[in-house]
Amino acid sequence: MNHLPLIIKREYLTKVKNKSFIIMTFLSPLIMIALIAVVAYLSQLNNDKQRTISVLDETGYLKDVFQNTDNTTYSSLNGLDLETAIALVKEKEDYGLLHIAKVDSLDDISDNIKFYSEESPSLTVISGLERRIEKRLREMKLQKDGVTLEQIEASKTSIDIAQESFEGEKSSKIDNVVKLAFGGIAGYLLFMFIIIYGNMIMRSVIEEKTSRIIEVIISSVKPIQLMMGKIIGTSLAGVTQFVIWVILGGVLMVVVSAIFGIDMMQMQTPQQEMVNQAMQAQGAQAMAENMITAISNLPIANLIVAFMFFFIGGYLLYSSLYAAIGAAVDNETDTQQFMLPILMPLILAVYVGVFTVIEDPHGTVSTVFSFIPFTSPVVMLMRIPFGVPLWQQGLSLLLLIGTFIFAVWFAAKIYRVGILMYGKKPTYKELFKWLKY
Amino acid sequence: MNDLLVADSVSKNFGKFKALNQVSIAVPKGSIFGLLGPNGAGKTTLIRIINQITMPDDGAVMLDGQPLKPEHIRDIGYLPEERGLYKSMKVGEQALYLAQLKGMSKSEAKSRLKHWFEKLEIGDWWNKKIQELSKGQAQKIQFIVTVLHRPKLLIFDEPFSGFDPINANLIKDEILKLRDEGATVIFSTHRMESVEELCDHIALLHKSNKVLDGKLNDIKRQYKTNTFEVGLQSNNSDVVLAEIKDKFEVLPATFRNLNDDIKLNIKIEESISSNDLLSFLATKAEVHHFVEVIPTANDIFIQTVKNN
């Protein structure tokens with residue numbers, strides 16, 4: 001008797017009709033968007049803030065360095081002594097005082113610059129000041145050696161190395177960014193999916209135990225059918241929720257940015273500023289074109305197929321373990337001791353993905369971790385946009401499927417025994433014994 | 001084939017613990033079979049093996065002459081001791097789901113459910129959630145779900161727990177009715193008075209072994225001690241008492257009756273018939289009360305468990 005469709009249907013409908021599930025489905029995107037909007041608004045507010053920085057330059061070398069910008073006004077206090085200047089700045093409630101002490105030679109200046117302020121100054125402000133001073137000092141040193149300003153200007157070059165593979169495929173730096181984004185999104189999506197819906201499966205197994213319905217059910221269906229039905233039903237509910245999130249999130253994003261006129265993409269962080277500068281240099285149009293070629297350069301078909309296989313494989317692998325944990329314990333507080341061994345490889349995978357794959361997508365570490373079944377779904381998904389030979393993908397998938405089958409067998413064993421055990425908090429040793437029952 | 005279910009030297013180990021040791025039982029068709037035993041004797045393990053929830057390490061179980069196979073699940077209705085329902089699911093939906101898991105079609109399940117709901121006068125519960133019902137009410141649903149698919153074999157593990165006396169009686173009558181309609185019932189309980197009322201056959205498990213089985217009446221016959229409970233009235237009771245004590249083995253007895261009697265348990269040898277005893281007593285005093293002491297299921301249970 002195959003009851004799998006029936007079980008899947010029940011699991012799916014119970015999840016989807018659950019009040020808190022419905023609330024979360026529709027509230028989460030709202031909360032997310034609201035958060036993003038608040039952050040964007042605040043950072044804009046922060047950028048709009050006017051600040052005055054007083055400069056006391058006793059050397060006179062750095063006269064024209066400090067030009068007023070949109071947010072920052074520089075006021076010169078030259079001629080005052082340091083103590084008076086500090087008192088004055090305090091009284092004016094300026095952001096701070098930049099003091100360049102009197103020195104004999106150009107070389108000593110760098111050691112005699114200080115910034116006085118009420119609170120510790122922001123990193124961006126300080127590094128901005130440093131950049132300006134460094135540039136001026138370098139120019140002055142060069143000038144001292146007889147190089148003219150024009151020569152210095154003329155010596156500035158900007159390099160953009162054109163990349164081309166042996167097969168003649170052109171690519172650019174933007175390509176890598178796009179690849180990283182695709183891989184990163186895919187990997188992170190899987191990670192989130194496993195954690196959210198794995199937990200949901202675990203809770204639903206525990207619920208069956210605590211409500212004592214399990215023995216009634218298990219006298220009608222095989223435990224493994226019940227387990228698989230649970231996993232599949234919950235996953236389908238998960239996919240439903242995810243799709244709604246994406247659609248709703250997208251719509252809300254558009255609506256919110258239209259209403260508040262906040263350009264969400266323009267959140268000014270220091271890194272982004274630099275990226276923006278680079279982009280401006282290239283020209284927005286060229287940039288957009290590059291982006292499109294970059295996306296079309298991706299191995300799209302491979303990406304989609306691999307995403308499906310690794311996503312499903314990785315998710316099923318982990319969720320069967322979650323189901324086993326749920327079966328082994330009586331309540332959610334007892335799950336902690338078993339959660340760590342599951343979360344460790346998952347977190348490791350994300351770390352490897354974020355740090356190593358970006359650095360070197362085909363290096364030893366990345367390659368090895370894209371074969372180990374517990375990390376391979378995340379790491380491989382991050383690697384694939386950079387082009388992974390099909391045999392590697394195949395082998396990794398084969399290992400994943402093998403491990404998945406083993407994990408389901410293992411989980412089903414634990415599940416079969418565990419669901420009928422009440423009132424015990426099992427140890428690892430006991431779990432091992434269950435395998436032999 | 002008169003036995004619906006036969007378990008033949010079934011053994012089951014959990015690690016080093018032996019849960020069942022070569023246990024054999026035979027449940028006759030159309031009987032109510034009491035599966036008794038102290039806590040941890042292995043009753044639940046045996047029941048789970050019959051339900052194919054766990055597999056025996058050794059031995060075989062036959063249902064209707066065939067070795068147990070997955071299809072037999074729909075021939076069995078099982079009400080476990082540890083039972084419950086999905087709390088947040090509606091009564092009707094849940095009953096339909098469980099019935100479908102037993103292999104019934106949705107429409108068939110629905111019409112039979114309606115019938116049962118009317119019979120037990122709970123028709124208005126259909127759209128309630130289980131968590132809105134009381135424990136006894138939920139138990140009713142559970143009972144209906146167990147018997148809905150008209151199984152040949154019904155297994156009840158402590159079916160009356162959680163019921164008030166009225167509902168317990170209702171369920172008891174339903175069980176008897178199902179038996180009369182041809183179902184065979186395995187009944188596991190610690191409440192000996194319901195064993196007395198319901199069971200035709202019993203088997204007693206103790207420490208993973210079967211220590212006793214057979215027809216309840218046969219077992220009682222085996223365990224009877226030829227003792228009679230007697231109430232006498234006489235003007236000189238001391239003399240009468242001395243005479244009886246002289247002739248028979250006498251124990252004090254306690255029972256309730258209207259007169260201020262001499263109350264005795266008199267044990268006689270097998271060669272003497274009850275009539276002989278009665279006529280002897282009649283010559284000595286006025287006999288108000290004369291009953292053979294038949295061991296109760298409770299006595300048998302305690303005695304057997306203590307002796308093993």
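**Notebook: helices α2 and α3 of chain B, and the side facing chain A**

I began with a helix pair in chain B, where the axes of α2(B) and helix α3 (residues 106-119) come within 9 Å and cross at roughly 125 degrees. I note at the outset that I am reading a predicted model.

I looked up how that angle should be classed; since angles of 65 to 115 degrees count as roughly perpendicular and those over 145 as roughly antiparallel, α2(B) and α3(B) are therefore oblique to each other. I also checked the hand of the crossing of α2(B) and α3(B), and it is right-handed.

Which residues make the contact between the two helices? From α2(B) I listed B:A95, B:L96, B:A99 and B:Q100, and from α3(B) I listed B:K106, B:A109, B:K110 and B:L113. Sorted by character, the residues of this contact of α2(B) with α3(B) comprise five nonpolar, one polar and two charged.

I then turned to the interface between the chains, and found 21 residues of chain B in contact with 18 residues of chain A. On the side of chain B that touches chain A, the largest share, four residues, is supplied by helix α2 (residues 91-101) of chain B. I sorted the residues of that side of chain B as well, which gave twelve nonpolar, five polar and four charged.

Last, I consulted the UniProt record, an unreviewed entry, which places the feature "domain: ABC transporter" at residues 5-232 of chain B. For that span of chain B I noted 34% helix and 30% strand, with the end C-alpha atoms 49 Å apart.

How values were computed
Residues numbered from 1 in each chain as written. Chains lettered and ligands numbered in written order. Predicted model: local features only at pLDDT ≥ 70, side-chain atom pairs only at ≥ 80, totals over all residues. Contact = placed C-beta atoms within 7 Å. Nonpolar A, V, L, I, M, F, W, Y, C, P; charged D, E, K, R; others polar. Axes fitted to C-alpha atoms, helices over the stretch in contact; angles between N-to-C directions. Parallel < 35°, antiparallel > 145°, perpendicular 65-115°, else oblique. Left-handed = near helix turned anticlockwise from the far one by under 90°. UniProt positions renumbered as here; feature names shortened; annotations may be inferred.
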